[in-house]
Amino acid sequence: MSEKFIPLSVPNFAGNEKEYVNEAVVSEWVSTGGSKVGEFEEKIAEYVHMPRAVACNSGTSGLHLAMMIAGVGRGDEVLAPTLTFIAAVNPIRYVGAEPVFIGCDDSLCMSPKLAEEWLAAHTEMRDGKCVNKRTGAHVKALLVVHVFGNMADIISLRALCEKYSLLLIEDATEALGTYYTEGALKGKMAGTMGDAGVYSFNGNKLITTGAGGMVVSNHADWAEHAKHLSTQAKADELQFLHDEIGYNYRLTNLQAALGLAQLEQIEGFIAHKHEMYDFYKEQLDGKNGFRILPFAEGIRSNKWFYSLYLEDARHDRDAVIEHLKKHGIQSRPVWALINEQADYARNETYGLELAQDYRAKIVNIPCSTNLTKEDAQRVVDALLAL
Ligand SMILES: *Cc1c(COP(=O)(O)O)cnc(C)c1O
């Protein structure tokens with residue numbers, strides 16, 4: 001096949017990337033000092049309408065910081081999704097806590113109904129704390145992931161967290177730019193509606209710094225605590241006094257330079273994601289045993305990843321991926337469920353049927369922000385030939 005390879009999701013550096021990175025190099029501020037980190041934090045904070053955003057070196061470290069500032073610790077339990085990337089859940093283990101895996105709804109995100117069913121059946125309130133009756137552990141938080149840029153049902157999840165005294169942590173690593181367009185949370189951005197929220201700027205995300213992340217919180221002192229922990233918990237700059245165990249989770253000035261240029265283009269990227277999504281939807285939804293899964297109502301999604309759902313049982317997920325590969329097109333299955341991964345096989349689970357179905361039948365198809373109509377047409381043609 002001599003046709004050009006079509007990747008799943010690659011970065012798009014059509015803006016001021018080279019200029020800003022060059023500025024950083026020329027200034028010799030290439031590491032964790034320099035003005036661009038603070039500038040990038042301010043610009044992200046402004047974009048998501050938060051007073052403060054704290055930069056870090058990955059979404060994963062951001063999620064670790066979020067668990068620490070929320071005070072999730074040894075012996076605690078956290079309700080967590082299973083249909084997601086494992087980096088969302090590992091930070092629960094980093095702090096010595098355990099996830100309880102809850103299934104999804106049709107948004108692909110955690111189902112508030114299933115979470116409530118599990119909480120009602122398996123926990124009781126003791127001294128204002130939600131306690132797992134079987135393990136005796138404090139169920140301290142609920143971690144929700146806004147999968148593929150969709151919005152989880154935050155209104156219901158917040159009510160649930162209130163009822164059971166759980167902290168709400170949002171993994172918005174895939175959902176920068178997703179917000180409510182109506183209802184009680186109109187205008188609110190994914191990642192800004194719980195106790196802490198995290199974004200990622202990994203290479204495959206909507207905007208990238210190569211690697212990087214950002215933490216936001218509705219508790220001002222939590223955001224500052226995240227900054228403190230991410231910068232070696234230095235209590236006194238000159239004397240090298242440290243008041244707790246810190247981390248080197250800092251973003252570099254070089255990375256922030258890239259991020260500033262990327263953020264300038266974010267709305268254009270999202271518009272392109274929408275255009276290509278609409279194209280796939282028109283060409284493939286309801287055709288040849290395929291569906292293009294919708295995003296939630298009442299939101300503006302960033303439409304980061306597109307989900308081709310293999311409705312007709314004659315389609316085999318891995319055969320579809322192999323077929324596309326033969327046509328020079330990269331695609332991928334949705335993640336293997338986290339409760340099936342080696343180190344999570346013994347964790348409690350509830351209501352995973354729908355997650356298992358989506359795991360078996362979703363193929364993510366090319367969605368780069370520089371994907372052309374011609375490329376998308378090739379993807380469509382290859383799929384319709386199945
Ligand atoms: C990308 C991603 C992460 C981790 O972000 P990194 O920046 O790659 O560390 C965490 N959770 C989810 C759901 C992700 O998609």
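**Exercise 1. Which residues lie nearest the centre of the largest cavity, and how many residues line it?**

Work on the predicted model.

Step 1. Count the lining: 13 residues line the largest cavity.

Step 2. Pick out the central ones. Leu108, Leu293, Pro294, Phe295 and Ser307 lie nearest the centre.

Step 3. Sort the lining by class. The largest cavity has 9 nonpolar, 3 polar and 1 charged lining residues.

Step 4. Add the volume. The largest cavity holds about 70 Å³ of space.

**Exercise 2. Describe the second largest cavity.**

Step 1. Set the context: the structure has 2 cavities of 30 Å³ or more.

Step 2. Take the volume. The second largest cavity holds about 60 Å³.

Step 3. Find the lining. Among its residues are Ser9, Pro11, Lys205, Ile207, Gln262 and Thr369.

Step 4. Classify. The lining of the second largest cavity splits into 4 nonpolar, 6 polar and 2 charged residues.

**Exercise 3. Locate the ligand and list its side-chain contacts.**

Step 1. Place the ligand: it sits in the largest pocket.

Step 2. Build the shell. It counts 16 residues, and Gly59, Thr60, Glu174, Ser200 and Lys205 come nearest. Helix 3 (residues 59-69) gives the largest share, 3 residues.

Step 3. Classify the shell: 5 nonpolar, 8 polar and 3 charged residues.

Step 4. Read off the distances to ligand oxygen atoms. For an N or O atom in the Thr60 side chain, the distance is 2.5 Å. For a polar side-chain atom of Glu174, it is 2.5 Å. For an N or O atom in the Lys205 side chain, it is 3.2 Å.

Step 5. Check burial. Alone, the ligand exposes 380 Å², and the protein buries 93% of that.

Notes. Residues are numbered from 1 along each chain as its sequence is written. This is a predicted model: local features need pLDDT of at least 70, side-chain atom pairs count only at pLDDT 80 or more; totals for chains, interfaces and linings use all residues. Side-chain values use heavy atoms; hydrogens and water are left out. On a 1 Å grid over the protein atoms alone, a cavity is a set of points where a 1.4 Å probe fits but cannot get out, and a pocket is an open set with protein on both sides within 12 Å along at least five of seven lines; lining residues have an atom within 4 Å of a point. Grid points are joined across faces, edges and corners, and a volume is the space filled by probe spheres set on the points. Ala, Val, Leu, Ile, Met, Phe, Trp, Tyr, Cys and Pro count as nonpolar, Asp, Glu, Lys and Arg as charged, and the others, Gly among them, as polar. A residue is near a molecule or strand if one of its heavy atoms lies within 4 Å of it. A polar contact is a pair of N or O atoms within 3.5 Å; within protein, one must be able to donate a hydrogen and the other to accept it, and residues adjacent in sequence count only if both atoms are side-chain atoms. Accessible areas come from the Shrake-Rupley method with a 1.4 Å probe; for residues, only the protein chains shown count as cover. A molecule sits in a cavity or pocket if more than half of its atoms lie within 2 Å of its grid points. Helices (H or I, at least four residues) and strands (E, at least two) are DSSP runs, numbered from the N terminus.
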